Amino acid sequence: MKLRDRINKMNTDNTVKVLYKIGLFLLVPFVLVFIFLGTDKAVELLISENTVCAFRTVTGFNCPGCGGTRAAIYFGRLRFADSFKMNASVIAGAVLYLFFIVRQSISLFLNIKSLKEKHIYVMLGMFLFTVLANWIVNNIPNL
């Protein structure tokens, strides 16, 4: 049985099936980018602190995604402490994403119950809480 047929026969909501397909589609490019991400000038420029943020320029505060690109690069290089310092929500997002993909894959191949749409909303809420908490902590002076 083809993977597409297995996914379509999953005992779950259509939203979860669509998210699973998108997640699988995005997994390969992310893995390839992080495997082949070298230390060239472009990456070093992304990691540097000399970037311009429109949100920060206008409001004077760090934006909720501030440091996200650098955090993703550090995460891809397995430098988790540096990634957490830059933006903790990147690690939370990666963990939730991997949990979702692994959990749905297990349910797909072992024919067990898969996640329901309400579980996806709970995971999304956890991620958004992490983004909000990270944003608040990053905007407290001298922390």
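# A walk through an all-helix model

V95 sits in helix 7, and that is where our tour begins. Keep in mind that this is a predicted model. V95 is partly exposed, because its relative accessible area is 49% and a residue counts as exposed over 50%. Follow the chain from V95 to F127 and you pass along 32 residues of sequence, yet in space the two C-alpha atoms are 9.8 Å apart.

Let us look at helix 7 itself. Running from residue 88 to residue 110, helix 7 has 23 residues. From its first C-alpha to its last, helix 7 reaches 33 Å, close to the 33 Å expected at 1.5 Å a residue. Which residues of helix 7 are buried? They are A88, S89, I91, A92, A94, L96, F100, I101, Q104, S105, S107 and L108. Just after helix 7 comes N111, and its phi is positive, near 55 degrees.

Now step back to see the whole chain. The protein chain has 8 helices and 0 strands, so if you trace the sequence you can read the pattern as α-α-α-α-α-α-α-α. Of the 143 residues in the protein chain, 26% are buried. The protein chain exposes about 9800 Å², and carbon and sulfur atoms supply 70% of that area. Among contacts with a separation of 6 or more, 56% are between residues 24 or more positions apart.

Helix 5 is our next stop. Helix 5 covers residues 68-76, and its buried residues are G68, R70, A71, I73 and Y74. G68 is a good one to pick out in the structure: G68 is buried, because its relative accessible area is 16%, and buried means under 20%. What does G68 touch, leaving aside its neighbours within four places in sequence? G68 is in contact with N87 and V90. G68 also lies 8.0 Å from S89, C-alpha to C-alpha, although 21 residues separate them in sequence. You have met S89 already, as one of the buried residues of helix 7. After helix 5 comes L78, with a positive phi near 65 degrees.

A little further along, look for two charged side chains. How many salt bridges does the structure hold? It holds 1. Side chains of opposite charge can pair when their charged atoms come close. Here the partners are D82 and R79, with 2.8 Å from N to O. D82 is partly exposed, with a relative accessible area of 22%, and R79 is partly exposed too, at 38%.

Next, turn to the aromatic rings. A pair of aromatic rings is described by the distance of the centres and the angle of the planes. The whole structure contains 2 aromatic pairs. In one of them, F55 and W135 meet edge-to-face, with 6.4 Å from centre to centre and 65 degrees between the planes. This pair links distant parts of the chain: F55 belongs to helix 4 (residues 54-59) and W135 to helix 8 (residues 117-138), 80 residues apart. F55 is partly exposed at 34% relative accessible area, and W135 is partly exposed at 28%. F75 and F80 make another edge-to-face pair, because their ring centres are 5.3 Å apart and their planes stand at 65 degrees, and planes over 60 degrees apart count as edge-to-face. F75 is partly exposed, with 22% relative accessibility, and F80 is partly exposed, with 41%.

Our last stop is helix 2, residues 14-35, where V18 is found. V18 is partly exposed, with a relative accessible area of 45%. On the surface, V18 joins I22, F25, L26 and F30 in a nonpolar patch, and together these residues have about 490 Å² of accessible area. Is K17, which also lies in helix 2, buried or exposed? K17 counts as buried, because its relative accessibility is 12%. K17 also brings us back to distances through space: K17 and E117 are 100 residues apart in sequence, but 9.6 Å apart from C-alpha to C-alpha.

Terms used:
Residues numbered from 1 in each chain as written. Heavy atoms only, no water. Patch = residues over 30% accessible without salt bridge, like charges linked within 9 Å, V, L, I, M, F, W, Y side chains within 5 Å. Areas by Shrake-Rupley, 256 points an atom, 1.4 Å probe, with all protein chains shown as cover. Salt bridge = Lys/Arg side-chain N within 4 Å of Asp/Glu carboxyl O. Helix = DSSP H or I, 4+ residues; strand = E, 2+ residues; numbered from the N terminus. Buried < 20%, exposed > 50% of the residue type's maximum accessible area, 1.4 Å probe, protein only. Contact = heavy atoms within 4.5 Å. Expected span 1.5 Å × (residues − 1). Phe/Tyr/Trp six-rings, centres within 6.5 Å; stacked < 30°, edge-to-face > 60°.
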